[in-house]
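Okay, thanks for coming, everyone. I'll put the sequence and the model up, and then we'll walk through it together.

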Amino acid sequence: LLSLLQKWALLALSACSSLCCLCCLLGLLVAIGLTLGNQGRVLLAPCSVANVALAPVSRECPFDPTRVYVSAPRAGAGTG
């Protein structure tokens with residue numbers, strides 16, 4: 001059985017966790033709203049290449065919607 005102090009501590013931690021979850025959800029909703037509001041143009045705005053077709057492959061472009069990210073296989077993976 002939990003003591004009264006443990007119950008209050010659990011309630012306080014639960015409330016803090018719920019508050020953090022709500023803050024993260026609010027931030028996510030704001031980010032989605034801003035992205036949809038500007039049709040995603042801001043995601044590629046920092047790309048400094050003049051040709052828009054080459055912008056995602058530029059080193060200065062922080063976001064590449066066309067790139068497939070694959071991790072390197074580990075040593076010994078797939079060997080019998």
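So, which residues form a nonpolar patch on the surface? Keep in mind that this is a predicted model. The patch is made of Leu 22, Leu 25, Leu 28, Leu 29, Ile 32 and Leu 36, and together they put about 600 Å² of accessible area on show.

Take Leu 29 as our example. Leu 29 sits in helix H1, which covers residues 4–37. Its relative accessibility is 51%, so Leu 29 counts as exposed. As a reminder, an α-helix has 3.6 residues a turn, so residues three or four places apart point the same way.

Now the helix itself. One helix and zero strands is what we have in this protein. Does the length of H1 add up, or what should we expect? With 34 residues at 1.5 Å a residue, H1 should span 50 Å, and the end C-alpha atoms are 49 Å apart, so that agrees. Just after H1, Gln 39 takes a positive phi, about 55°.

Zooming out, 10% of the 80 residues count as buried. The accessible surface of the protein is about 7,200 Å², with 70% of that belonging to carbon and sulfur atoms.

Last stop, the cysteines. How many disulfides does the structure hold? Zero. For Cys 21, the closest cysteine sulfur is in Cys 24, and at 6.9 Å that's too far for a bond. Cys 24 is in no disulfide either, with its nearest cysteine sulfur, that of Cys 20, 6.7 Å away. And Cys 24 counts as exposed, because its relative accessibility is 57%.

How values were computed
Residues numbered from 1 in each chain as written. Predicted model: local features only at pLDDT ≥ 70, side-chain atom pairs only at ≥ 80, totals over all residues. Heavy atoms only, no water. Patch = residues over 30% accessible without salt bridge, like charges linked within 9 Å, V, L, I, M, F, W, Y side chains within 5 Å. Areas by Shrake-Rupley, 256 points an atom, 1.4 Å probe, with all protein chains shown as cover. Salt bridge = Lys/Arg side-chain N within 4 Å of Asp/Glu carboxyl O. Helix = DSSP H or I, 4+ residues; strand = E, 2+ residues; numbered from the N terminus. Buried < 20%, exposed > 50% of the residue type's maximum accessible area, 1.4 Å probe, protein only. Disulfide = S-S within 2.5 Å. Expected span 1.5 Å × (residues − 1).
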